[in-house]
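Here is a short walk through one protein, arranged by topic so you can follow along on your screen. Please have the sequence and the 3D view side by side as you read.

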Amino acid sequence: MQATIEVATTPAKPHAAPAPHAARADAASRLAAPGEYLSFRLGGEDYGIDILRVKEIRSYEAPTRIAGASPFVKGVVNLRGVIVPIVDLRLLLGCERAEVDGFTVVIVLVVGGREVGVVVDAVADVQELDTAHIKPAPALGERVDSGYISGIGAVGEGKGKNDREGDGERMLILVDVERLLAHAGLERVAP
């Protein structure tokens, strides 16, 4: 029996490096907006997706494999008459391959008017982030494409200065789903 939780209803071409002020302006224009984010786990890291992109959360069911698809495209499922591609974010983002267990779920997203499912290790909760809690993603060098990261959210309560782990905040990597899917070559899904 399938468990369902209802939630809510092209890679960049290389070019000359922009001037530093232009790069800052571009990063600021892509910075995640304040709002609610669905947090989920991939490997040992926490990620977040704008809750307004989430249609539903489903327990994992094996999709129908499509011959010749990229390794991170697990296949397709029939979701109430709509054929939905299933992308394993663990493989797409280079995480160590994780086995499917009782916590593995598929988050069904609406991107560019189409539905796509993404496989994640587990869903945590919904986090509300305001402007003060969202910071730009750091530059990671030319070899690391972090264009799909729209910001880093700081979530959690402070534990005090005597805590060895610092202030107790955890970092939430905020994902721009449209950019990520376009980067993966799924232009037919992403606008």
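## R58 and its polar partner

Let's begin with a side-chain pair: R58 and E61 are joined by a polar contact of 3.2 Å between their side chains. Please keep in mind that this is a predicted model. R58 sits in strand β4. With a relative accessible area of 11%, R58 counts as buried, because the cut-off for that label is under 20%.

## The protein as a whole

Stepping back, the protein has 3 helices and 12 strands. Of its 191 residues, 37% are buried. The exposed surface comes to about 11400 Å², and carbon and sulfur atoms supply 54% of that area.

## Strand β7 and its two partners

Strand β7 covers residues 105–111, and 6 of its 7 residues are buried. One partner is strand β4, residues 54–59, which runs antiparallel to β7 and is joined to it by 5 bridges. If you would like a landmark in this pairing, look for E56, which stands opposite V108 of β7.

The pairing of β7 with strand β8 (residues 114–120) is also antiparallel, and here there are 7 bridges. A landmark for this pairing is V110, which stands opposite E115 in β8. β7 and β8 form a hairpin with 2 residues between the strands, where G112 takes a positive phi near 60°.

## T104, in the loop before β7

T104 belongs to the loop between α2 (89–92) and β7. Is T104 buried or exposed? T104 is buried: its relative accessible area is 4%, and the label applies because that value is under 20%.

What surrounds T104? Apart from neighbours within four places in sequence, T104 is in contact with S59, Y60, R90, E99, V119, V120 and D121. The T104 side chain also reaches the backbone nitrogen of D101, at 3.0 Å. For a longer step along the chain, take L42: T104 and L42 are 62 residues apart in sequence, while their C-alpha atoms are 10.0 Å apart in space.

## An aromatic pair

The count of aromatic pairs in the model is 1. That pair is F40 and Y47, whose rings are 5.8 Å apart centre to centre with 15° between the planes. The pair is classed as stacked, because planes under 30 degrees apart receive that label. Both F40 and Y47 are buried.

Definitions and conventions. Residues are numbered from 1 along each chain as its sequence is written. This is a predicted model: local features need pLDDT of at least 70, side-chain atom pairs count only at pLDDT 80 or more; totals for chains, interfaces and linings use all residues. Side-chain values use heavy atoms; hydrogens and water are left out. Rings of Phe, Tyr and Trp (its six-membered ring) pair if their centres lie within 6.5 Å; planes under 30 degrees apart count as stacked, over 60 as edge-to-face and the rest as tilted. Buried means under 20% relative accessible area, exposed over 50%, partly exposed in between (1.4 Å probe, protein chains only). Helices (H or I, at least four residues) and strands (E, at least two) are DSSP runs, numbered from the N terminus. Accessible areas come from the Shrake-Rupley method with a 1.4 Å probe; for residues, only the protein chains shown count as cover. Two strands pair if DSSP finds at least two bridges between them. A polar contact is a pair of N or O atoms within 3.5 Å; within protein, one must be able to donate a hydrogen and the other to accept it, and residues adjacent in sequence count only if both atoms are side-chain atoms. Contact means heavy atoms within 4.5 Å.
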